[in-house]
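Here's a model to pick apart, with an eye on rings and pockets. Let's ask how each label is earned.

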Amino acid sequence: MINKEIRVRYAPSPTGYIHIGNLRTALYNYLFARHTGGKFIVRIEDTDQARKVEGAVENLIATLKWAGLDYDEGPEKGGDYGPYYQSERLDIYKTHVDILLQKKKAYYCFCSAERLTALREEQQKQKLNQTKYDKRCLQLSDEEVSANIAKGMPHVVRLNVDPSSTIKFKDDVRGDVEFSGEVVDDQVLIKSDNYPTYHLANVIDDHLMKITHVIRGEEWLPSTPKHVLLYEAFGWDVPVFAHLPLLLNPDRSKLSKRQGDVAVEDYRKKGFLSEALINFIALLGWTAGDDKEFYYIDELIKSFSLDRVNKSGAVFDIEKLNWLNAEHLRRKSDTELIQMLRDDLKTSKYSGNEYSDEYLLKVIHAMKERVSFVQEFYEKGSYFFEEPASYEEAALKKRWKEESPAILSKYSEKISTYENPVKEDFEKILHETAAEMNVGNGNVIHPLRLATSGVSGGPGIFEILDIIGRDKTITRINAILEKLK
RNA sequence: GCUCCCAUCGACUAGGGGUUAGGUCACCACUCUUUCACAGUGAAAACACGGGUUCGAAUCCCGUUGGGAGCGCCA
C-alpha cells in the first residue's frame, strides 16, 4: 500500500447532462489526483440499458473539458486499464461473477419481480425493520439451479450476505463507519438481462483499474457495505472511501431540479464562467482553513486535501456564485474580455453589427466594474449598442425638469460646432451650458444621461458621450426632445 | 418504519477545552462618485437543546430534538 500511485475516478452514468453535484465530485477527484501527482480516470457507467441517452457521453466529455478537468484515462483517450465503458466490459463481469458463484459468495435467484414486490409489501405491512430478500433461492440444490437455467428461466445473481457479520470501513471524511450485516440486502449482482448492476461493475472496475480512493457523494454511503463485502468476497484490498457531503437546495434537501438549475449546462448557458463555477463548488464542502475565497484551479490543486473536506451538506447559494463570477470576470485581461464579448455578441441581437476592438475595449473599460456577466456588457450597457428604446420611469420623474429640453438643446447646439469632441470637450461644454443657462451641472448631467442612455446609472456621463460620440449624442438628444414633447 | 450520516450568523465556513467566537456572500448605514457600480469604513447577525466530564465546554462523552440520505433486476 505504501508508495502506491494514487488513482481516483469519476464514474458518471450517461444520463444526458452533468449534475452540478457530480461536477463537484469530479472536481474533488481531480484536485486530489493533481495534488498528489496521481491519476484521474473517467469511466462511463452505462450498464442500464433502459436509461441510455444518445449523445450523453459527448456532452459529458465536453462539459468536463469546459470545466477544465482533464483526465488521464477514459473515453476517447484510452489507457492501460480500458475499456472505460462498462458496456464494453461485460465479459469481465461475467468471469468475475463466476468466481463468486463458485466460492458460494453469490447465488442464482429465479424469483419473479411479482414475488419480490409482494415480499416487500408484506414486509412493510409487518413493519419489519427493513425490507430485504428472504434468500429463498439459496435453498435450491445445484441440480435445481442447473435445471432452471437449462429451461431458460429468467434469473439474476445475488450476493450472499452473512447477516451475522459486521462491516467496517475507513472513510477519509467520516472516519470509521460500521454497518451490521443484518441490514444489508442480498444485492442483485447480475440482472436478468445479463448486465451487471452498479454495485458489481463498480467494485470490479475499481479493483481492476487499481483505484486507490473512492471519492463520491454521500448518497453512496448506505450502499458501501455491499461494496466492501464484494471486495472481501473476491479477496481484494478495499480502497479508501471518501463520501462527500451533499449539495443542498435552499430547503436543505438534496439539490434537485425542482428548485433551480442543476445541470452544469444551465449555468454555462447563463453565462457563468467555468473558473467561477469551479471556484464556487470547490468551496462547497471544502476549505483550506484560511480566509481565501478567490481561487484559480491551480491554487485549488495546491491547497486541496481530503482531510479538510466537511461532513455536513452545503446549500448551493447562487448569490455567492454571482459574486465570484464578477470577481473572475474583472480579473480577465482586455484581450480575453474582447474575445469573450465578441463571442457572446454573435448570439445576441447585435450579431449583425460590426464593432472594432477599440470600441469594444472602451465599452469594457466603462462597464467592467458594473457587470457580473459577459452578456451584461451589452445588456446593462445596451446604450453602447443601440439607442435607448425607453427612459427609466423613476429617473424621468426625478430628473426631467421643465427647463430640461432647453438645456439639452443648448448642449446639442454647442456640441455640433465641434468636429470630433473628446471627453474633455464634452465636459467643457457641459460647464458652459450650465453657466449660460444659469443652472447647476446636475441639471445638465441628469437629463443628458437619460437622453443618451435611458437609465439613471452607469459609467460617468462624459465617458458615455466619448464612447458613443458627437453624432449619436445629438441624435439621442433630438429623440428624447421629440418623444417627451 | 429501519439503517447510516450530519448539526457555529440567512448562506458558505474558521476555530476544536480558557477567543470581545474570526472571514466571505447577501442585507443595512456611512465615505468616495452630482448617477450607478467598484473600493473603503462600520453595523446587524450564530455555537439546536438537556445532562455529564472538567477549575473551566461552542469545543470531549451520552441523550434528546432537528435535518438529510439510503432502504430497486437505477446509478
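Buried means under 20% relative accessible area, exposed means over 50%, and partly exposed is what falls in between, with a 1.4 Å probe and protein chains only. This is a predicted model, so local features need pLDDT of at least 70 and side-chain atom pairs count only at pLDDT 80 or more, while totals for chains, interfaces and linings use all residues. Residues are numbered from 1 along each chain as its sequence is written, chains are lettered from A and ligands numbered from 1 in the order in which they are written, and side-chain values use heavy atoms, with hydrogens and water left out.

Q: Why is Phe 40 called buried?
A: Its relative accessibility is 0%, and the label needs under 20%, so Phe 40 counts as buried.

Q: What makes Tyr 30 and Phe 40 an edge-to-face pair?
A: Rings of Phe, Tyr and Trp (its six-membered ring) pair if their centres lie within 6.5 Å; planes under 30 degrees apart are stacked, over 60 edge-to-face, and the rest tilted. The structure holds 20 aromatic pairs. In the one formed by Tyr 30 and Phe 40, the centres are 5.8 Å apart and the planes make 80°, so the edge-to-face cut-off of over 60 is met. The two rings are 10 residues apart, with Tyr 30 in helix H1 (residues 20–36) and Phe 40 in strand S2 (residues 39–42). Helices here are DSSP runs (H or I, at least four residues), as are strands (E, at least two), numbered from the N terminus. Tyr 30 is buried too, at 5%.

Q: How do you know that Phe 169 and Phe 179 are stacked?
A: Their planes are 10° apart and their centres 6.1 Å apart, so they fall under 30 degrees and within 6.5 Å. Phe 169 sits in strand S5 (residues 166–171) and Phe 179 in strand S6 (residues 175–180), so the pair ties together parts that are 10 residues apart in sequence.

Q: Are Phe 169 and Phe 179 buried or partly exposed?
A: Phe 169 has a relative accessible area of 5%, so it's buried. Phe 179 has 21%, so it's partly exposed.

Q: What makes Lys 77 a charge over the face of Tyr 71?
A: The rule wants NZ of Lys or CZ of Arg within 6 Å of the ring centre and within 35 degrees of the ring normal. Lys 77 lies over the face of Tyr 71 at 5.5 Å from the ring centre. Lys 292 lies over the face of Tyr 295, at 5.0 Å.

Q: Why is the largest pocket said to lie between domain 1 and domain 2?
A: Domain 1 (7–77 + 247–315) and domain 2 (89–244) both give residues to its lining, so the pocket lies between them. Those bounds come from an automatic or database domain assignment. A pocket is an open set of points on a 1 Å grid over the protein atoms alone, where a 1.4 Å probe fits and protein lies on both sides within 12 Å along at least five of seven lines; lining residues have an atom within 4 Å of a point. Lining this one are 35 residues, with Pro 12, Ser 13, Asn 22, Glu 219 and Trp 220 nearest its centre. H1 gives the most, five residues.
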